[in-house]
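Student: Could you take me through one part of this structure slowly? I would like to look closely at the place where the ligand sits and at what lies around that place.

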Amino acid sequence: MTAFNVRTKSELTGELSGKHIVLGLSGGIAAYKAAELCRAMVKEGATVQVVMTEAAEHFMTKVTMQALSGRQVFGSQWDDTPVNVVGSVNGEGIANNMPHINLTRGADAIVIAPCSADFMAKLLHGRADELLSLMCLARPIAEVPLILAPAMNREMWANPATQRNVAQLKQDGITVLEVGEGDQACGEVGDGRMLEADEILADLIAFFTPKSLLGQKVLITAGPTYEAIDPVRGITNLSSGKMGFAIARAAVEAGADVTLIAGPVSLPTPRGVKRVDVKSAQNMLLASVKYANYATIFIASAAVADWRPANSADHKLKKEGSGTVPQLSFVENPDILATIAQSERGKKGLSGMPDGLFCVGFAAESQDLLANAQAKRIRKGVPLLVGNIGPATFGQDDNALLLVDAKTVKELPEHGHAASKRYLAQQLVADIAARLGHPA
Ligand code: C5P
């Protein structure tokens, strides 16, 4: 099953559509976040089967989890209720009194959230004295991955015993998610909080994404630039950065090491992405040249200001009351994409050499998209140019792209309708991966 089968906006389905997730709760105050997580997974199209330890029931009721998952919650290995297997919600279940076997058959993953220190220790030793640990031990390892979202006090997390367990669990092929940092329920502050529901959801979606960019180092520019007139005024444009941020997320999900150079935007950094904030085109150029040295793919989606004020005043320009207005003159900004594409590694990338830098440009046009994109691809010296209609997409969640290379033109989405930037970013990443010989 594919993790993502969206075609157009009107056909949008969830990102976990077709997935069956077993959500296990062990005992911890973070159990309240499992309710939100369960709801979010269901909203993304997954079927969710909840299993709770006795300790978890001190923090969260089965009633809540059953209501949110729409399935009976299991808590005891002695429970003789027939188990509804994958694909059947209210249909006939298996009545062999073996919930520890039946619950994971056909599942796409087990997610334990919260996963307590004690539960990790149990998993490590293969203990099986209650349903959840028994079920984890009895899962078909090759088919049902186990993903843990640890949750505990900072001292418990830092304890060498816990860290040893985490290392060993990872070696055993179990995915241990990061922990959050901050205020803890006990009043202490530090590492060990369970990730928020939306973060676990994002990690889960990433987990299911084919790793078509594994080993690639992707550098992306995004957003507008800001060109100062004086310390309080400047010139910018309407780019929201959404397309570039969506590409960064899709690239990291595809296994790439991603650096995102962002102009002034108010978007959250996608999980796992290294972000470098810049303001002006000149700052963006410096950062881009520096990080391009380490990159294998460069995607320039930023709407870089073409010109900047020739002289930025050191102090605020004053309105003198005499009716005179400041006269601004402009100088041209450096072309970041062209600079990098015409570097030695950029040129190698253009001719398809393996140690080259594969550069991708964007063109935000208001008309004649194809002709403008083709001309811009040649002018910039890049193997791939992505055209879009700027005024129609700036600030929006949807877009339509035209991928232009030396020989072909491809519409995304395929039939020309608009699609979410999220979907388009995933398709663009898959397209770039295929060009580099790694089809998803
Ligand atoms: O020339 P134009 O601005 O239309 O080119 C758009 C493409 O070039 C985009 O990929 C944009 O990020 C990049 N660009 C750049 N530096 C500039 C201007 C544009 O990197 N100064």
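Tutor: Happy to! Let us begin with one residue, valine 304. Valine 304 has a relative accessible area of 25%, so it counts as partly exposed, the class between under 20% (buried) and over 50% (exposed). Please keep in mind that this is a predicted model. To find valine 304 along the chain, go to the loop between strand E13 (297-300) and strand E14 (307-309). Here is a pair to compare on your screen: valine 304 and alanine 250 are separated by 54 residues in sequence, and their C-alpha atoms are 22 Å apart in space.

Now for the ligand. Which residues are around the ligand? Val304 is one of them, and from that part of the chain there are also Ala300, Ala302 and Asp306. Further along the sequence you meet Pro334, Asp335, Ile336 and Leu337, then Gly361 and Phe362, and finally Lys376 and Lys380. Sorted by class, this shell holds seven nonpolar residues, four charged residues and one polar residue.

Next, zoom in on the oxygen atoms of the ligand. How far is a ligand oxygen from a polar backbone atom of alanine 300? That distance is 2.5 Å. At alanine 302, a polar backbone atom lies 2.6 Å from an oxygen atom of the ligand. Phenylalanine 362 offers a polar backbone atom too, with a ligand oxygen at 2.8 Å. Each of these pairs counts as a polar contact because the cut-off is within 3.5 Å, and the distances are 2.5 Å for alanine 300, 2.6 Å for alanine 302 and 2.8 Å for phenylalanine 362. As for cover, the ligand on its own would expose 450 Å², and the protein buries 86% of that area.

Where does the ligand sit? Its place is the second largest pocket. Three elements give two or more residues to the shell around the ligand: helix H11 (336-341), strand E16 (358-365) and helix H13 (369-380).

Strand E16 and helix H13 lead us to another residue worth a look, aspartate 368. You will find aspartate 368 in the loop between E16 and H13. Its phi is near 45°, which is a positive value in a residue other than glycine. Is aspartate 368 buried or exposed? With a relative accessibility of 54%, aspartate 368 passes the mark of over 50%, so it counts as exposed.

A second residue with positive phi is asparagine 97, where the angle is about 60° although asparagine 97 is not a glycine. Asparagine 97 belongs to the loop between helix H2 (62-69) and helix H3 (99-102). Its relative accessible area is 39%, so asparagine 97 is partly exposed.

While you are looking at the backbone, find two cis peptide bonds as well. One runs from alanine 113 to proline 114, with omega near 5°, and proline 114 is part of strand E3 (residues 109-115). Another joins leucine 412 and proline 413, with omega about -5°; proline 413 is in the loop between strand E20 (409-412) and strand E21 (419-420).

Finally, step back to the whole protein chain. Its secondary structure comes to 15 helices and 21 strands, and the C-alpha trace spans about 80 × 50 × 40 Å along its principal axes. Of the 440 residues in the chain, 50% count as buried. Try turning the model back to valine 304, one of the residues around the ligand, and see whether you can retrace the path from there.

How values were computed: Residues are numbered from 1 along each chain as its sequence is written. This is a predicted model: local features need pLDDT of at least 70, side-chain atom pairs count only at pLDDT 80 or more; totals for chains, interfaces and linings use all residues. Side-chain values use heavy atoms; hydrogens and water are left out. A residue is near a molecule or strand if one of its heavy atoms lies within 4 Å of it. A polar contact is a pair of N or O atoms within 3.5 Å; within protein, one must be able to donate a hydrogen and the other to accept it, and residues adjacent in sequence count only if both atoms are side-chain atoms. Accessible areas come from the Shrake-Rupley method with a 1.4 Å probe; for residues, only the protein chains shown count as cover. On a 1 Å grid over the protein atoms alone, a cavity is a set of points where a 1.4 Å probe fits but cannot get out, and a pocket is an open set with protein on both sides within 12 Å along at least five of seven lines; lining residues have an atom within 4 Å of a point. A molecule sits in a cavity or pocket if more than half of its atoms lie within 2 Å of its grid points. Helices (H or I, at least four residues) and strands (E, at least two) are DSSP runs, numbered from the N terminus. Ala, Val, Leu, Ile, Met, Phe, Trp, Tyr, Cys and Pro count as nonpolar, Asp, Glu, Lys and Arg as charged, and the others, Gly among them, as polar. Buried means under 20% relative accessible area, exposed over 50%, partly exposed in between (1.4 Å probe, protein chains only).
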